[in-house]
Amino acid sequence: MASKVVDLRSDTVTKPSEAMRAAMAAADVDDDVLGADPTAHRFEAEMAAVMGKEAALFVPSGTMGNLISVLVHCDVRGSEAILGDNSHIHVYENGGISTIGGVHPRTVKNNPDGTMDIDKIVAAIRHPDLHYPTTRLICLENTHGNTGGKCLSVEYTDKVGEIAKSHGLKLHIDGARIFNASVALGVPVDRLVKAADSVSVCLSKGLGAPVGSVIVGSKAFIDKARILRKTLGGGMRQVGVLCAAAHVAVRDTVGKLADDHRKAKALAEGLKKIEQITVDSASVETNMVFFEVMDPRISPDKLCQVLEQDNVLALPANSKSIRFVIHYQISDADVGYALACVEVCESLDPFPSFTVIAFDFSCDSTISCFQKAIKELLEGSTELGHSINGATKSSYGH
């Protein structure tokens, strides 16, 4: 068994770098609820400038950032927000916009590339009628997590922004991984979100900060958001400790995202060679790889448990597929260990279609832990206990 854990569950599992820890220890802090924390002020101003907006606000989580943003735009109960049926806000945020804000979700089908058809967005906009909620907001997600980290183009985002403006609506972007989209598309992040009235940006995913997100928008938007943050319990005192780490994350990690994308593509190309798996490597745009397990004898849950016994952690995406997520603390050697072998081996009886694939990665064994896990499941030679990493079906909304 490997001594090192290769954690591919999510890019939320990163640990603070030494530079982040040093910045936290040295941070100049004060009471941010009283508006006096200098490090928080500097970081928020920096993020507003980077995103091309007037102001920014640090919040404890992306879920809170999205909730606050929706509630600022939909400040009358019974408002309606148009959003993707497979979006993070709709699927993974506990229905907060409805249960807390009284906002009605009007879902539009997400396409495999994360977009919603423009004509369907337009058709979902309600005209004034006493029978219906009042449409006030459109929400996009970039990158789109449930479709494999797909990037929404600046042209598409601009078009949705034009539709919102022409109908008197606001546009919010759940930009949890917006820097991944910016790097993958080669478009400056401020240009990518120019059409948006608000954007939430997660700092603790691919950027690797230990805690937090920021929301950006106009000064008037942030003034209202600050009140809602307090209402929701998100006002923190010496929050500059966290903002200092976030500053280092933005400074040091954005430049590493392209390498994450490269490793994800290499991982997908390797998975293509395994006969029990199907993966569209061409669709891998950023740091996520989704693949389906084709053999009905192998469930994603069980495969993740067997992989864990070799210290490779992953999460099932659903009853047929698994998600791997690359982050800056995953090396090429980690990808190699999780993936493949150093030589081609003969077919493994009693399943002649199963072969071990050679890969140009550093790996000490002739059978990778991934191949070994599939073989053990097919032969029924593995006793499974309770998973220790929290990998449960459909638990990957991170």
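The following exercises, each with a worked solution, concern single residues, pockets and cavities in a predicted model.

Residues are numbered from 1 along each chain as its sequence is written, and side-chain values use heavy atoms, with hydrogens and water left out. Because the model is predicted, local features need pLDDT of at least 70 and side-chain atom pairs count only at pLDDT 80 or more, while totals for chains, interfaces and linings use all residues.

**Exercise 1.** State where Lys205 lies and whether Lys205 is buried or exposed.

*Solution.* Step one is the record: UniProt, in an unreviewed entry, places the feature "modified residue: N6-(pyridoxal phosphate)lysine" at Lys205. UniProt positions are given in the numbering used here, feature names are shortened, and annotations may be inferred rather than shown by experiment. Step two is the location: Lys205 sits in the loop between β7 (198-202) and β8 (213-217). Helices (H or I, at least four residues) and strands (E, at least two) are DSSP runs, numbered from the N terminus. Step three is accessibility: Lys205 has a relative accessible area of 11% and is therefore buried. The classes are buried under 20% relative accessible area, exposed over 50% and partly exposed in between (1.4 Å probe, protein chains only).

**Exercise 2.** Determine which contacts the side chains of Asp295 and Asp31 make.

*Solution.* Begin with Asp295, in the loop between β10 (288-293) and α13 (300-309). Asp295 counts as buried because its relative accessibility is 11%. Its side chain is joined to that of Arg297 by a polar contact of 2.6 Å. A polar contact is a pair of N or O atoms within 3.5 Å; within protein, one must be able to donate a hydrogen and the other to accept it, and residues adjacent in sequence count only if both atoms are side-chain atoms. Turn next to Asp31, in the loop between α1 (18-26) and α2 (38-51). With a relative accessible area of 13%, Asp31 is buried. The Asp31 side chain reaches the backbone nitrogen of Val33 at 3.0 Å.

**Exercise 3.** Describe the largest pocket and the largest cavity by volume and lining.

*Solution.* First, fix the terms: on a 1 Å grid over the protein atoms alone, a cavity is a set of points where a 1.4 Å probe fits but cannot get out, and a pocket is an open set with protein on both sides within 12 Å along at least five of seven lines; lining residues have an atom within 4 Å of a point. Grid points are joined across faces, edges and corners, and a volume is the space filled by probe spheres set on the points. Second, the largest pocket holds about 380 Å³. Its lining comprises 20 residues, with Thr147, Lys150, Ser283, Phe290 and Phe291 nearest the centre; β10 gives the most, five residues. Third, there are four cavities of 30 Å³ or more, and the largest cavity has a volume of about 70 Å³. The largest cavity is lined by 14 residues, of which Gly84, Ser87, Cys139, Leu140 and Glu141 are closest to its centre. Strand β5 (residues 134-141) gives the most to this lining, three residues.

**Exercise 4.** Classify Asn94 and Asn311 as buried or exposed.

*Solution.* Asn94 is in the loop between α4 (88-92) and α5 (96-99) and, although not a glycine, has a positive phi of about 60°. Its relative accessible area is 72%, so Asn94 is exposed. Asn311 lies in the loop between α13 and β11 (312-313), and its phi is positive, near 65°. Asn311, at 14% relative accessible area, is buried.
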